Amino acid sequence: MNQAKVIEYEEMLRSAILSSNVELLEELLSDELIFVNHLGQRLSKEEDIDTYRSKSLDITGIEVLEQEIKLFQELAVTVTKVAVNGSLATGEALGGEYSYTRVWKDVGGKLKVVSCHSSSSV
């Protein structure tokens with residue numbers, strides 16, 4: 001586990017979200033994922049991926065504003081502030097600044113997100 005690998009996986013996740021790449025999201029998210037979104041809703045891996053599969057959420061831009069990485073043996077914690085643009089299937093635009101705390105775990109040489117928390121950065 002090193003910082004360069006974590007940055008590579010963070011970028012793969014950003015790319016998967018921007019392209020709604022469900023297959024890559026399946027690889028990057030742990031089956032045991034616990035995701036608490038900016039509304040305080042707890043989502044499983046399948047519930048999170050379903051937002052991209054169903055096209056109910058379309059993220060068109062993610063700009064990384066700040067990022068901090070802490071390494072812990074087989075785990076890494078990232079705290080990332082981003083500016084997000086996109087829309088909901090209803091046509092409602094969404095955007096703003098959000099902070100994400102992710103816990104990445106090394107599983108057989110590949111990193112997977114086991115936990116994520118999102119909050120609005122007002």
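## Salt bridges and helix α1

E97 and K81 form a salt bridge, with their closest N and O atoms 3.4 Å apart. E97 sits in strand β5 and K81 in strand β4 (residues 75-88), so this pair ties together parts that are 16 residues apart in sequence. As for accessibility, E97 is partly exposed at 34%, and K81 is partly exposed too, at 24%. Keep in mind while you look around that this is a predicted model.

Why might such side chains meet at all? Side chains of opposite charge can pair when their charged atoms come close. In this model, the count comes to 9 salt bridges. Here are three of them, side by side:

| Salt bridge | N to O distance |
|---|---|
| E97 and K81 | 3.4 Å |
| R102 and E10 | 2.8 Å |
| E11 and R14 | 3.0 Å |

Let's take R102 and E10 next. Their side chains meet in a salt bridge at 2.8 Å, N to O. R102 belongs to strand β5 and E10 to helix α1, so the pair ties together parts that are 92 residues apart in sequence. Are these two buried or exposed? R102 is buried, with a relative accessible area of 11%, and E10 is buried as well, at 7%. The 2.8 Å approach between the two side chains also shows up as a polar contact. If you leave out residues up to four places away in sequence, R102 touches E10, L13, A76, V77, T78, V113, S115 and C116.

The bridge between E11 and R14 is a more local affair: both residues lie in helix α1, 3 residues apart, or about one turn of the helix. Their closest N and O atoms are 3.0 Å apart. E11 is partly exposed, with a relative accessible area of 38%, and R14 is partly exposed at 24%.

Elsewhere, salt bridges join up into a network, which links E26, D31, K45, E46, D50 and R53.

Now for helix α1 itself. The helix has 16 residues and reaches 23 Å from its first C-alpha to its last, close to the 22 Å expected at 1.5 Å a residue. Which of its residues are buried? They are K5, V6, Y9, E10, L13, A16 and I17. Seen down the axis of α1, the buried residues fall within an arc of 140°, so they line one face of the helix.

Both ends of α1 are worth a look. At the N-terminal end, N2 acts as a cap: one of its side-chain oxygens lies 3.1 Å from the backbone nitrogen of A4. Just after the helix, S20 takes a positive phi of about 50°.

Charged side chains aren't the whole story, since the model also has 1 aromatic pair. Y9 and W104 form this pair, and their rings meet edge-to-face, with 6.0 Å centre to centre and 70° between the planes. Y9 lies in helix α1 (residues 3-18) and W104 in strand β5 (residues 93-107), so the pair ties together parts that are 95 residues apart in sequence. Both Y9 and W104 are buried.

To put the pieces together: helix α1 and strand β5 are tied by the salt bridge of R102 and E10, and also by the aromatic pair of Y9 and W104. Strand β5 is tied to strand β4 as well, through E97 and K81.

How values were computed. Residues numbered from 1 in each chain as written. Predicted model: local features only at pLDDT ≥ 70, side-chain atom pairs only at ≥ 80, totals over all residues. Heavy atoms only, no water. Phe/Tyr/Trp six-rings, centres within 6.5 Å; stacked < 30°, edge-to-face > 60°. Helix = DSSP H or I, 4+ residues; strand = E, 2+ residues; numbered from the N terminus. Buried < 20%, exposed > 50% of the residue type's maximum accessible area, 1.4 Å probe, protein only. Salt bridge = Lys/Arg side-chain N within 4 Å of Asp/Glu carboxyl O. Polar contact = N/O pair within 3.5 Å; in protein donor to acceptor, adjacent residues only side chain to side chain. Contact = heavy atoms within 4.5 Å. Expected span 1.5 Å × (residues − 1). Arc of directions from axis to C-beta.
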